[in-house]
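User: Please take a close look at the aromatic residues of this model. I would like to know how their rings pair and what surrounds them.

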Amino acid sequence: MSDSRAVETLANDLGVSVPELLETAKQFTTKPGALLDGPAPDTVASRLTAYFTDVK
């Protein structure tokens, strides 16, 4: 299952840049660059959302 948002939309929704999102994604996936190829997996998207929500 995947989050329907592309990495650009996810970054925008979280108020961060795509490079910042990808850098942070390294904590949650071994292939952060794969986020550029399609929708974010639910687990990665939810972890990134939680991370950026807690940080800000």
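Analyst:
**The aromatic cluster and its surroundings**

The count comes to 2 aromatic pairs. Rings of Phe, Tyr and Trp (its six-membered ring) pair if their centres lie within 6.5 Å; planes under 30 degrees apart count as stacked, over 60 as edge-to-face and the rest as tilted. Phe28 and Tyr51 make an edge-to-face pair, 6.3 Å centre to centre with 65° between the planes. This pair links distant parts of the chain. Phe28 sits in the loop between H2 and H3, Tyr51 in helix H3, 23 residues apart.

Tyr51 also pairs with Phe52. Their ring centres are 5.0 Å apart and their planes stand at 90°, so this pair is edge-to-face too. Phe28, Tyr51 and Phe52 thus form one aromatic cluster.

The model is predicted: local features need pLDDT (the predictor's confidence in each residue, from 0 to 100) of at least 70, side-chain atom pairs count only at pLDDT 80 or more, and totals for chains, interfaces and linings use all residues. Residues are numbered from 1 along each chain as its sequence is written, and side-chain values use heavy atoms, with hydrogens and water left out. The mean pLDDT of the chain is 87, and 93% of its residues reach 70 or more. Helices are DSSP runs of H or I, at least four residues, numbered from the N terminus. Among the elements, H3 (residues 42–55) has the lowest mean pLDDT, 89, and H2 (residues 18–25) the highest, 94.

How buried or exposed are the three rings' residues? Buried means under 20% relative accessible area, exposed over 50%, partly exposed in between (1.4 Å probe, protein chains only). Phe28 is partly exposed at 23%. Tyr51 is partly exposed at 30%. Phe52 is buried at 4%.

Phe52 leads into the largest nonpolar core. Such a core is a set of buried Ala, Val, Leu, Ile, Met, Phe, Trp, Tyr and Cys residues joined through side-chain atoms within 4.5 Å. This one has 14 residues, and those with the most contacts inside it include Phe52, Leu48 and Leu10. Helix H1 (7–14), H2 and H3 each supply at least two of its residues.

Leu48 also reaches Phe28. Contact means heavy atoms within 4.5 Å. Leaving aside residues up to four places away in sequence, Leu48 touches Leu10, Leu14, Leu21, Thr24, Ala25 and Phe28.

Leu21, Thr24 and Ala25 are among the buried residues of H2. The buried residues of H2 are covered by elements including H1 and H3.
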